[in-house]
Amino acid sequence: MKRLLYIVLLPLALAFACSDTDSGNPYEGRLHTLAVNTVYPEGFEEFRREGVTVRIEDIDRGNTYTAVTDGAGRAEFSVTNGIYRVLLSDRFDEHIFNGTADRVKLVDDDTEITLSLLYSKTGTVIIKEVYCGGCTRAPLEGTYQSDKYIILHNNNSRTEYLDGICLGSLDPYNSQATNVWVTQDAATGESIYPEFAPIAQCIWQFPGDGTTFPLEPGEDAVVVICGAIDHTIQYEQSVNLNREGYFVCYNNVYFPNTVYHPAPGDRISADRYLEVVIKTGQANAYTLSIYSPAVVIFRAEETSMLDFVQGEDNVVQKPGSSSDRVVAIPYDWIMDGVEVFYGGSSNNQKRLSPSVDAGYVTQSEIYTARTLHRYVDEELTAERGYEVLTDTNNSSNDFYERERQSLHD
């Protein structure tokens with residue numbers, strides 16, 4: 001009996017020991033090889049090397065596995081049939097390389113894909129926090145979402161200026177919605193992005209003459225998306241957004257809905273109202289997705305944003321829609337972006353190119369006062385003497401979900 005028991009249990013023990021997660025046994029059923037060959041951009045081929053981590057996610061079952069590349073830039077996984085998301089984020093000094101393949105199908109055979117990496121650099125002004133998920137109306141009953149904000153941060157060692165920086169979010173509004181802009185290669189599953197970021201609804205721009213609003217190294221700038229008032233007067237789980245120095249997205253001509261856009265409080269200076277460059281949607285309120293926005297900040301190059309949106313080919317009709325339009329912002333203009341997935345859905349699909357954000361941060365729940373916040377780089381912060389945030393252009397590495405808004409008293 002002892003020998004029989006040993007023979008039966010050993011394979012099970014080995015199988016569970018090889019699992020990269022505790023959420024299930026990936027070795028149930030027949031295993032196949034998923035091989036990922038990384039291709040670095042032209043001129044950066046020498047960065048291909050051994051030891052770079054590649055991560056894959058079983059989209060349906062939620063399991064995550066990692067492997068490292070060999071000297072030829074190849075990583076292999078032994079996994080069961082499924083649909084996998086492949087992600088790679090590699091940073092070497094100030095050089096960042098990211099790649100994604102959103103829906104790689106592994107069906108009864110070994111599969112090999114080529115993962116093309118995109119090059120980018122660390123940002124100067126970056127997104128520090130996105131609060132969009134709302135809270136309860138405690139001590140009253142119900143839920144509340146008219147208190148959204150983002151925080152920008154100067155991650156650079158020199159003074160930066162907010163003047164002319166623009167803010168927007170990508171179409172589709174939610175990560176689990178139908179995405180007409182991003183497709184997948186039928187053979188490899190590699191995601192194919194358009195040459196531009198489709199900005200929906202509206203573009204907001206910081207005012208100023210170029211040097212009006214400086215942001216010192218390590219300094220933050222709060223941008224109120226909805227309601228520059230003290231929301232805590234009524235709802236204790238919310239935040240006070242009526243504070244001196246805050247900026248606000250407020251224009252009661254384009255967005256007259258006072259539920260989302262009440263008149264800013266007495267501590268908000270009128271010169272800190274962001275300007276509407278263009279409105280392309282029909283809504284009477286501007287608000288980020290409560291579930292899963294893809295937020296970006298950008299600045300026009302060699303032109304003004306106002307001149308750019310007046311260009312015939314720069315405002316694009318959304319395929320399949322007779323009314324919805326987007327602004328086609330070149331990816332080279334984007335300073336930073338954050339892709340948010342909703343934890344309550346298995347149908348999330350990326351909207352942002354890996355050159356901006358190769359991963360995503362998950363919002364697990366809504367109406368719980370949770371927020372999405374960037375990690376602090378403790379080593380660089382100690383070295384430079386001001387707060388430096390983690391920036392790999394991959395929100396899976398850079399962000400986490402906080403239990404409470406950072407602005408909550």
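This is a short conversation about a predicted model and the reasons behind some of its labels.

User: Happy to look at this one with you! What makes the protein chain as compact as a globular protein of its length?

Analyst: Good place to start. The protein chain has 4 helices and 28 strands. Its radius of gyration is 23 Å, and the globule rule gives 22 Å for 409 residues, so the two values are close and the chain counts as being as compact as a globular protein of that length. Along the principal axes, the C-alpha trace spans about 80 × 55 × 55 Å.

User: Why is D108 called exposed?

Analyst: Exposed means over 50% relative accessible area. D108 comes out at 55%, so it counts as exposed. You will find D108 in the loop between β6 (95–106) and β7 (111–116).

User: And N393, why is that one called buried?

Analyst: Here the limit is under 20%. N393 has 7% relative accessibility, so it counts as buried. N393 lies in the loop between α3 (378–384) and α4 (395–398). For the protein chain as a whole, buried residues make up 54% of the 409 residues.

User: What is the phi of D108, and what is the phi of N393?

Analyst: D108 is not a glycine, yet has a positive phi of about 55 degrees. N393 is not a glycine either, and its phi is positive too, at about 55 degrees. They are worth pointing out because most residues other than glycine have a negative phi.

User: Which residues does a cis peptide bond join, and what is omega there?

Analyst: One cis peptide bond joins A138 and P139, with omega about 10 degrees. P139 sits in the loop between β10 (135–136) and β11 (143–144). Another joins D171 and P172, where omega is about 0 degrees. P172 belongs to the loop between β14 (166–170) and β15 (183–184). Such bonds deserve a mention because most peptide bonds are trans.

User: How do you know that β17 and β24 pair?

Analyst: Pairing requires at least two bridges between the strands. Strand β17 (residues 196–205) and strand β24 (residues 325–330) are joined by 5 bridges, so they pair, and they run antiparallel. Within this pairing, P198 stands opposite A328 in β24.

User: What makes β23 a partner of β24?

Analyst: The same test applies: 3 bridges join β23 (residues 315–317) to β24, and at least two are needed, so these strands pair as well. They run antiparallel, and the bridge partner of Q317 in β24 is R325.

Technical notes:
Residues are numbered from 1 along each chain as its sequence is written. This is a predicted model: local features need pLDDT of at least 70, side-chain atom pairs count only at pLDDT 80 or more; totals for chains, interfaces and linings use all residues. Side-chain values use heavy atoms; hydrogens and water are left out. Buried means under 20% relative accessible area, exposed over 50%, partly exposed in between (1.4 Å probe, protein chains only). The radius of gyration is taken over C-alpha atoms; the globule rule is 2.2 Å times the number of residues to the power 0.38.
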